[in-house]
Number of protein chains: 2
Amino acid sequence: MTLRRIRKGHRLGDRYVRIFRPTAGKFEQDEENRLVATEAVFDQPAGLRRYFEHIWRFVVGARLSSAMEAHERLGVIKGLAVFASDNISSSAYATEEIMRVLVLAGAGALMLTMPITIAIVVVLVVVVTSYQQTIRAYPTGGGSYIVASDNLGPVPGLVAAASLLTDYVLTVAVSVAAGVAALTSIFPALFDERVILSVGFVLLICLGNLRGIRESGTIFAAPAYLYLVAIFGLLGYGLFRYASGSLPEYTAPEEWGAPEGATTLGVLLILRAFSSGSVALTGVEAVSNGVPAFTPPEAKHAQRVLLLMGGFFLTIFLGMSFLAGQIGILPDPTEQTTVISQLTSALVGGGSPYHYLVQISTALLLILAANTAYSDFPRLSSILARDGYWPRQFQYRGDRLAFTTGIFVLTLLAGALLVVFSASVTSLIPLYTVGVFIAFTLSQGGMVRHWWNLRTTDRGWWRRAAVNAVGALATGVVALVVGVAKFALGAWMVLILVPILMALMMAIHRHYRGVQAALTLDEVPEFPRVEAPQVVVPVSRLDYAAYRAVRFAQSISPAVTAVHVSESAAEAAAMQARWDAWDSGVELVIVESPYRSLLPPLLAYIDAVRATEGDRPVVVVVAEFVPRYFWQNFLHNQAALRLKVHLLSRPNVIVANVPSHFGEATRRIRETPEESSAESDRLA
Amino acid sequence: MTLRRIRKGHRLGDRYVRIFRPTAGKFEQDEENRLVATEAVFDQPAGLRRYFEHIWRFVVGARLSSAMEAHERLGVIKGLAVFASDNISSSAYATEEIMRVLVLAGAGALMLTMPITIAIVVVLVVVVTSYQQTIRAYPTGGGSYIVASDNLGPVPGLVAAASLLTDYVLTVAVSVAAGVAALTSIFPALFDERVILSVGFVLLICLGNLRGIRESGTIFAAPAYLYLVAIFGLLGYGLFRYASGSLPEYTAPEEWGAPEGATTLGVLLILRAFSSGSVALTGVEAVSNGVPAFTPPEAKHAQRVLLLMGGFFLTIFLGMSFLAGQIGILPDPTEQTTVISQLTSALVGGGSPYHYLVQISTALLLILAANTAYSDFPRLSSILARDGYWPRQFQYRGDRLAFTTGIFVLTLLAGALLVVFSASVTSLIPLYTVGVFIAFTLSQGGMVRHWWNLRTTDRGWWRRAAVNAVGALATGVVALVVGVAKFALGAWMVLILVPILMALMMAIHRHYRGVQAALTLDEVPEFPRVEAPQVVVPVSRLDYAAYRAVRFAQSISPAVTAVHVSESAAEAAAMQARWDAWDSGVELVIVESPYRSLLPPLLAYIDAVRATEGDRPVVVVVAEFVPRYFWQNFLHNQAALRLKVHLLSRPNVIVANVPSHFGEATRRIRETPEESSAESDRLA
């Protein structure tokens with residue numbers, strides 16, 4: 001066989017050595033019948049394609065082989081930047097979200113900021129603790145989808161998956177929009193360009209992710225750590241001033257007026273404040289979803305990142321709420337200055353370099369929080385694709401080991417969302433959070449079941465189950481509170497979208513399963529001798545293309561008929577005469593078409609042949625002319641293309657495309673074999 | 001062979017009668033190996049397609065067989081409506097165009113209206129006379145393109161063709177826009193919808209033309225004759241009043257003021273007035289272009305239509321200019337009332353029913369003048385396509401014998417023009433006329449050459465040549481005058497577009513000629529015994545689709561290799577084991593792909609096989625899964641599709657598509673042949 005010939009080339013001397021040339025360097029011989037492709041298989045012939053290939057490699061970097069996978073993993077430092085920026089960035093606005101609700105009941109109600117912060121931190125601790133357990137139990141990646149479907153069944157799994165996919169898209173849109181809003185509040189001139197800016201940032205993040213997870217970690221680590229340094233410096237300085245009793249005086253701008261207290265401070269308001277603040281918990285899920293992206297030991301590194309993330313976050317959150325309360329900061333009713341900006345102004349002076357540092361690093365971190373979703377969305381999509389709930393394309397990793405399809409789709413959706421909502425945080429944020437807490441609840445619930453299943457082998461199962469049960473309860477209550485409090489503001493869209501996505505996933509799953517059932521062979525098939533197929537060759541003119549088609553047909557079967565569709569009897573007679581002169585040994589059937597159409601009579605004839613053949617396949621040999629430039633296709637092949645589309649839907653019809661290439665190629669075939677082979681190398 | 005089997009069916013009884021069923025009624029047997037398709041080949045299976053087919057047939061009418069061609073021709077009555085409406089409709093504004101220019105030199109200059117009208121009528125008579133000669137000389141259709149390329153060579157022919165194609169598109173846009181403007185001047189409420197209205201009218205005319213030329217003649221005859229009746233009534237009444245000395249007094253509305261006479265009356269102004277009025281000659285070409293569309297004797301009928309057209313037109317034109325001069329009508333400087341409307345108001349009273357009749361019939365005729373271009377553009381395109389200067393698709397006649405592609409393309413271009421220029425006559429009209437006169441000049445010049453060539457056989461050649469020489473001179477001068485006078489206003493666009501179109505036509509021609517040179521067989525080819533091809537079967541999983549692909553490969557050649565691209569060594573080993581269990585007798589080559597890509601290693605492998613095979617074709621058998629619904633393709637076949645696209649550019653590679661159909665089809669194949677055949681009928 002071919003391979004053997006290629007190998008024999010070396011032994012048999014000149015003829016086979018020459019033949020071996022085009023493969024040179026493209027494959028390494030492993031063992032008999034086993035080749036390993038080298039990077040040379042990607043080589044493009046000189047020209048536009050190679051040029052684009054160069055540009056693309058420059059943008060996303062050199063190809064990575066699968067063996068590099070372990071090297072592409074993340075350590076704790078980069079892992080924190082990749083998986084925690086979403087969560088940590090929430091600290092930039094969580095305090096403010098609580099205060100905004102409380103202040104509706106007057107300035108006095110703001111004293112509840114700290115207790116509510118503590119309550120949320122408690123939930124956070126519960127959730128982080130539960131997820132520590134999840135990571136240990138699912139060291140190969142335990143996102144909500146996996147945990148829920150593993151323990152509660154496929155439907156809860158899909159609820160979690162649909163909620164999370166929705167949420168990841170929203171994460172990208174919201175955090176980029178928030179980051180751009182932070183930027184435009186320092187540089188108001190950019191405000192009119194915010195949609196373009198936002199989409200631009202999304203594209204940049206997309207490109208970074210196409211370079212692969214490790215490089216995107218490198219790119220995105222700096223802003224995350226810059227934010228941590230800036231904010232810890234601020235909080236440390238603030239706490240020092242507090243300890244030394246020298247906290248500055250703060251008075252809100254007069255034009256804000258005194259907060260009126262339109263509402264009385266009741267349980268409902270407190271719940272709303274709590275649900276607004278619980279945006280702080282978004283992004284916690286990211287780490288446990290991404291365990292396989294860490295360097296080994298994966299679970300240990302992931303746990304450490306989760307702990308660090310929780311620690312950093314709660315320190316910033318508590319410190320921020322505490323200092324805001326001590327200084328007596330009021331949320332800006334015009335929404336132009338953030339609480340964090342006021343705090344910085346009060347402590348180090350507005351417009352000082354440090355103030356700019358805090359603002360810019362916050363803006364960058366918010367934008368890069370989108371990157372967490374860029375790790376999660378493609379990964380979850382790939383898992384769903386593996387399980388047959390999502391189109392298969394999401395499963396393949398590109399040449400930088402990133403899940404390219406997921407990255408592109410996320411970019412497209414988030415970009416569309418930003419354009420549709422004009423990059424407005426206010427319009428986007430109510431859609432957010434509810435999905436995260438649905439997923440949390442299902443994941444925690446799944447973990448309770450998980451421990452219950454292990455009750456016979458694991459002594460401490462009830463302790464672990466209790467932790468997750470508390471987590472499930474806490475997050476379930478939050479999900480309910482958020483869903484109700486934000487329903488009218490936009491959460492309803494998510495609550496409609498999730499079932500639609502689930503239905504889509506189920507339809508896809510049903511389809512793939514049906515296909516598999518139809519295609520899977522239950523037993524080893526038999527291979528008795530097969531008869532050659534019946535071959536039909538449509539011919540329009542008796543030219544070189546038709547000649548090649550007929551020759552090919554003769555080479556694969558003795559049962560060949562040519563068929564010609566004719567517009568008139570005169571043309572038919574002329575065709576018959578020319579055909580007889582060819583004396584090919586193939587019979588010609590002429591179908592006259594009084595309505596001039598080529599296709600319907602041809603299809604009807606092929607159907608008639610199919611009917612006579614029963615199970616024996618009918619091969620239709622289509623002569624196709626391949627022009628030199630793509631645009632020239634417009635001048636050819638319309639009939640061939642339409643014929644092929646129609647034949648595709650006919651069972652037992654096999655279409656064989658015999659191409660005739662324009663110019664060099666055609667001439668080549670007519671030349672002697674010796675010359676032709678060199679030509680073929682050049683064209684390959 | 002197949003056909004023989006089908007025929008034998010009747011003789012051999014049960015088995016073959018059953019087999020014959022699907023063809024029942026689809027073909028008539030003509031003679032041995034000769035079938036005639038009946039209309040039944042168009043039958044669609046029940047479902048969406050048949051539904052659309054019904055709608056389409058309702059819209060455009062039943063299919064017409066080629067034998068109906070002669071019945072689809074036009075007599076003098078309908079021919080006048082189809083081919084003359086463009087020209088006759090010019091009479092609605094030609095007088096006004098002259099007056100508009102003259103009035104720039106003051107009201108006194110308007111006395112030159114009648115002499116200029118007479119000058120244009122003289123040119124018209126010359127042109128009509130020349131075209132009478134053209135029709136006699138080219139009874140199979142003598143448009144400018146044919147006459148110019150026949151006698152002056154291909155380049156002048158293409159200049160004429162490009163000018164005319166441009167002009168036809170402009171004719172549609174201008175006349176529909178003018179008609180809509182006439183309508184909106186009676187119904188001002190429609191003014192804001194003029195773009196939608198215009199595009200709507202273009203679509204209606206398009207539909208009418210899709211019904212075939214004869215039916216579009218029927219549809220469009222009424223408005224043309226309505227206009228003639230209305231306008232002749234008006235002119236007759238006016239001349240009667242003139243003869244009886246009772247012409248009404250006319251005073252222009254005071255707010256127009258007295259025409260100032262900003263310019264002095266010089267030769268240049270007179271030439272400009274003449275060139276504006278010469279818009280009257282557009283559309284004369286139509287008749288000689290469309291000779292084959294007349295009932296036999298085609299030339300005689302065409303000549304009669306041309307004479308009638310010229311007669312009607314010059315009567316209206318002269319009458320209008322004469323009466324306008326006698327009554328002393330001034331052109332409305334605000335461009336809101338047309339001269340024809342003022343004339344009607346003066347004679348029969350503004351707002352009278354007759355005034356409405358004149359206005360509405362004018363509007364309708366202007367809109368339907370577009371129909372002339374709908375006869376010419378597709379016909380000229382088909383001639384250019386036949387000569388290889390234009391994409392081949394323009395050559396085919398649809399199932400109503402109309403040149404469908406040309407009709408669609410004209411609709412698209414004219415619609416786009418109307419949208420881009422907001423259906424504004426003022427912006428569109430300067431682009432107009434120059435192309436027509438270029439084509440006229442070339443056609444007349446060609447005729448001079450034509451008679452010169454015939455000088456030895458035709459005694460009266462010099463008389464005929466003189467007529468055409470006068471025509472060429474007259475139209476050439478007009479072309480020059482128009483081109484200069486309107487250059488800055490937009491004629492430059494046409495003068496740029498024409499060379500671009502010519503370059504495109506030449507490129508297309510060069511391409512088709514190159515293709516023909518490459519494909520044409522100079523001698524009768526030989527058919528020695530051919531070796532079976534080398535077959536490569538890419539397999540991804542060992543399922544039913546792969547089984548069918550391998551079985552097919554075995555049926556066409558003994559030289560088959562399966563090739564599997566594997567992501568990892570482990571997967572490769574597993575594949576090898578399963579393959580060995582199949583024991584198909586086919587060798588498997590496994591290509592490991594460390595960069596995960598499927599395509600490049602596969603292509604490199606196929607290239608290696610090609611290189612070993614030399615001239616022997618390599619068949620790549622691609623197993624393709626055909627899902628039940630179109631959208632499901634999104635879930636499959638990405639790899640197969642991309643493989644096929646890449647293989648298309650490789651000489652000597654033949655792709656054979658082995659489809660596996662979802663559900664019923666797949667099951668069918670597994671069932672017994674007896675059952676399967678019934679199923680196949682149902683699916684066919």
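Copies are superposed by least squares on the C-alpha atoms of residues with pLDDT of at least 70 in both. Applied to this predicted model, that procedure lays chain B on chain A with an RMSD of 0.1 Å, by way of a turn of 179° and a shift of 0.0 Å along the axis. Such a relation is that of a two-fold axis. Within chain B, the C-alpha nearest the axis belongs to B:A656, at 2.0 Å from it. The contact between the copies fits this picture nicely: 99% of the interface residues of chain B are also interface residues in chain A, so the copies meet through the same surface.

Turning to a single copy, the domain assignment of chain A gives domain 1 (2–43), domain 2 (66–513) and domain 3 (534–683). Between the C-alpha centres of domain 2 and domain 3 of chain A there is a separation of 60 Å.

A helix pair in chain A deserves a closer look. Helix α6 (residues 113–137) of chain A packs with helix α18 (residues 434–453) of chain A at an angle of about 55°, their axes being 11 Å apart. This angle makes α6(A) oblique to α18(A), and the crossing of the two helices is left-handed. On the α6(A) side, the contact is made by A:V127, A:S130, A:Q133, A:T134 and A:A137; these meet A:F440, A:S443, A:Q444, A:M447 and A:H450 in α18(A). By residue class, the contact of α6(A) with α18(A) divides into six polar, four nonpolar and no charged residues.

How values were computed
Residues are numbered from 1 along each chain as its sequence is written. Chains are lettered from A and ligands numbered from 1 in the order in which they are written. This is a predicted model: local features need pLDDT of at least 70, side-chain atom pairs count only at pLDDT 80 or more; totals for chains, interfaces and linings use all residues. Axes are lines fitted to C-alpha atoms, for helices over the stretch in contact, and angles run from 0 to 180 degrees between N-to-C directions. Helices (H or I, at least four residues) and strands (E, at least two) are DSSP runs, numbered from the N terminus. Angles under 35 degrees count as roughly parallel, over 145 as roughly antiparallel, 65 to 115 as roughly perpendicular and the rest as oblique. A crossing is left-handed if the near helix is turned anticlockwise from the far one by less than a right angle, and right-handed if clockwise. Two residues are in contact if their C-beta atoms, placed from the backbone, lie within 7 Å. Ala, Val, Leu, Ile, Met, Phe, Trp, Tyr, Cys and Pro count as nonpolar, Asp, Glu, Lys and Arg as charged, and the others, Gly among them, as polar. Domain bounds come from an automatic or database domain assignment.
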